[in-house]
Amino acid sequence: MDAQKEYESFLDDKLTAIISSISDEGEIETSYSPYVKMGDSFYCYLSAVAKHYSNLYTTKRANILFIEDEGKCSNFYMRKRLKYSCEVSRVDDDEVIFKALHDRFGETITTVRSMGDFSLFKFTPIEDGRFVISFGGAYTVNLSGEVKRVKGYHKHGRENIKRVESSQKVESS
């Protein structure tokens, strides 16, 4: 399967997104949430009790990660994965989004929605995503969903380590 087709079907069996957010104090929080994708955005109901809620509401930024199931991967170092950096906003309840979540998750979403502390959040990718499918198989995914191979960093060995470490020294000087 080519990378474009693999990307187009990658999310088909992914029911949850791993969410990484950051507080105003720079504390990183990572958790997960069931989601639904509609158009170019991902939607999740999140509880105000979760640290994410405050982080997302305040900073309006997060990374979301979708990753291959451990039980399905052939190599634990090469679990297929897709990551986006997103702009995040809390949105009013929307019947179309609720129906899509209900179709996907059943009555549990009705219970979640009825709890007073859950709100709907919208995650919209704001830059190219990264889709990794194998060793040396890293791709960017532009906002239109076009997949392109990442060039220049697929040499295995010490060259990559030296390149990364030398760029860190320059940046910290």
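How many of the 5 residues of strand E9 are buried? The count is 4, so strand E9 (residues 137–141) is mostly covered. The model is predicted. Its largest nonpolar core has 26 residues. Another core, of 10 residues, lies apart from it.

**Nonpolar cores**
- Within the largest core, the residues with the most contacts are Phe42, Ile64, Phe66, Leu82, Tyr84, Phe123 and Phe131.
- Strand E6 (residues 81–91) gives the most to this core, contributing 4 residues.
- The separate core of 10 residues includes Tyr43, Phe98, Ala100 and Leu120.
- In soluble globular proteins, nonpolar side chains tend to be buried together.
- Leucine 82 is in contact with Tyr7, Phe10 and Leu11, and with Ile64, Leu65 and Phe66.
- Arg130, Phe131 and Val141 are also in contact with leucine 82. Neighbours within four places in sequence are left aside here.

**Serine 85 in strand E6**
- Serine 85 sits in strand E6.
- Why does serine 85 count as buried? Its relative accessibility is 7%, and the cut-off for buried is under 20%.
- The side chain of serine 85 makes a polar contact of 3.5 Å with the side chain of glutamate 127.
- Beyond four places in sequence, serine 85 touches Arg61, Ala62 and Asn63. It also touches Thr124, Pro125, Ile126 and Glu127.

**Helix H2 and its cover**
- Helix H2 (residues 51–59) has His52, Tyr53, Asn55 and Leu56 as its buried residues.
- An α-helix has 3.6 residues a turn, so residues three or four places apart point the same way.
- The cover over the buried residues of H2 includes strands E1 (16–22), E2 (28–34) and E4 (41–47).
- Strands E5 (61–67), E6 and E7 (118–125) are also part of that cover.
- Lysine 60 follows H2 and has a positive phi, near 60 degrees.

**Strands E8, E9 and E10**
- Strand E8 (residues 129–134) runs antiparallel to E9, and 5 bridges join them.
- In this pairing, phenylalanine 131 stands opposite tyrosine 139 in E9. Phenylalanine 131 is also among the residues with the most contacts inside the largest core.
- The hairpin of E8 and E9 has 2 residues between the strands. Glycine 136, in the turn, has a positive phi of about 75 degrees.
- E9 is joined to strand E10 (residues 147–149) by 3 bridges, and these strands run antiparallel.
- Valine 141 stands opposite valine 147 in E10. Valine 141 is also one of the contacts of leucine 82.
- The hairpin of E9 and E10 has 5 residues between the strands. There, glycine 145 takes a positive phi near 90 degrees.

Terms used: Residues are numbered from 1 along each chain as its sequence is written. This is a predicted model: local features need pLDDT of at least 70, side-chain atom pairs count only at pLDDT 80 or more; totals for chains, interfaces and linings use all residues. Side-chain values use heavy atoms; hydrogens and water are left out. A nonpolar core is a set of buried Ala, Val, Leu, Ile, Met, Phe, Trp, Tyr and Cys residues joined through side-chain atoms within 4.5 Å. Buried means under 20% relative accessible area, exposed over 50%, partly exposed in between (1.4 Å probe, protein chains only). Contact means heavy atoms within 4.5 Å. A polar contact is a pair of N or O atoms within 3.5 Å; within protein, one must be able to donate a hydrogen and the other to accept it, and residues adjacent in sequence count only if both atoms are side-chain atoms. Two strands pair if DSSP finds at least two bridges between them.
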